[in-house]
Amino acid sequence: MTAAEGTAARFGGDPAIRREILGTNLDALTMDQVVARCVAAVGEERRLTIGVVNAAKIVNMRSDDLLRQSVVDCDLVLADGQSVVWASGLLGHRLPERVAGIDLFTELLAEGERRGHRVYLLGATPEVLERTVAEIRRRHPALAVAGSRDGYFTDDESERVAAEIADSKADLLFLGITSPKKEIFVKRWGAATGASVIHGVGGSFDILAGHTRRAPARWQRLGLEWFYRLLQEPMRLGPRYLKTNARFLLMVAAARLGRRRP
């Protein structure tokens, strides 16, 4: 059984939902469909790990075996970047829409409040985490926040952190931890947390805490969210974006030319 067929079997669906984009298998699902699968996972008490990829991650997966394997191991892999959705259309494997990690995060918070799910937040600095929890409680007063912990723990402490999450009886685990620490934790200790849905949310904690600003909706629709972030942190993000965005464009162009050859 292939990886795509195995994933489909777990969801009782069709392996045709998987699309190969630049060597990465992504699930051709809408936001509503992903949320429905998360709700089903909680109801059936089974584990569902979610990976999201943008242009930079697709590029970095070519040279980082650990990062690539962590994405391959996820039950669902979603297009976090608009550029990935556009590339899918150019390469003949169209994805229905972008499912951004932060948007899925906020959708699951709202759905969790409606359904009585328990959530756990792991990651960021103590200050950012405290402000994130406060903002979530302001937006979703009926949501059960089972617990939270900052992301500053050593590998030796990971087992204890997983046990703390398990003790909290959390249904949904959101990780605001940088790579590759996030991937290592999920691979080694994801099952031990007892959470049904495990979703790495990137810098979402920083946005909810007001530490960084998200691009306006118009910028997002135009695929310029990366540029908006670049304007906020040009020195840190400039070299990274220049390198990964250029390589991504070259990868798409090469794949497109390869499709057109007889």
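Let's start with helix H7, residues 126-139, in this predicted model. With 14 residues at 1.5 Å a residue, H7 should span 20 Å, and its end C-alpha atoms do sit 20 Å apart, so expectation and model agree.

Now look at which way the side chains of H7 go. Val128, Leu129, Thr132, Val133, Glu135 and Ile136 are the buried residues here. They cover an arc of only 165° around the axis, which puts them on the same side of H7. That fits a simple rule: an α-helix has 3.6 residues a turn, so residues three or four places apart point the same way. Turn to the face of H7 that points away from the buried side, and you'll meet the exposed residues Pro126, Glu127, Glu130 and Arg138.

So what covers the buried residues of H7? The cover includes two helices, H6 (101-115) and H10 (204-208), along with the strands E5 (118-123) and E6 (144-149).

Next, move on to the cavities. Set the bar at 30 Å³ or more and the structure holds 1 cavity. The largest cavity has a volume of about 50 Å³. Walk around its wall and you'll pass Asp155, Ser158, Lys181, Ile184, Phe185, Arg188 and Trp189. Helix H9 (residues 181-193) supplies the largest share of that lining, with 5 residues. As for chemistry, the lining of the largest cavity is a mix: 3 residues are nonpolar, 1 is polar and 3 are charged.

Note on methods: Residues are numbered from 1 along each chain as its sequence is written. This is a predicted model: local features need pLDDT of at least 70, side-chain atom pairs count only at pLDDT 80 or more; totals for chains, interfaces and linings use all residues. Side-chain values use heavy atoms; hydrogens and water are left out. On a 1 Å grid over the protein atoms alone, a cavity is a set of points where a 1.4 Å probe fits but cannot get out, and a pocket is an open set with protein on both sides within 12 Å along at least five of seven lines; lining residues have an atom within 4 Å of a point. Grid points are joined across faces, edges and corners, and a volume is the space filled by probe spheres set on the points. Helices (H or I, at least four residues) and strands (E, at least two) are DSSP runs, numbered from the N terminus. Ala, Val, Leu, Ile, Met, Phe, Trp, Tyr, Cys and Pro count as nonpolar, Asp, Glu, Lys and Arg as charged, and the others, Gly among them, as polar. The expected span of a helix is 1.5 Å times one less than its number of residues. Buried means under 20% relative accessible area, exposed over 50%, partly exposed in between (1.4 Å probe, protein chains only). The arc is that of the directions from the helix axis to the C-beta atoms. Contact means heavy atoms within 4.5 Å.
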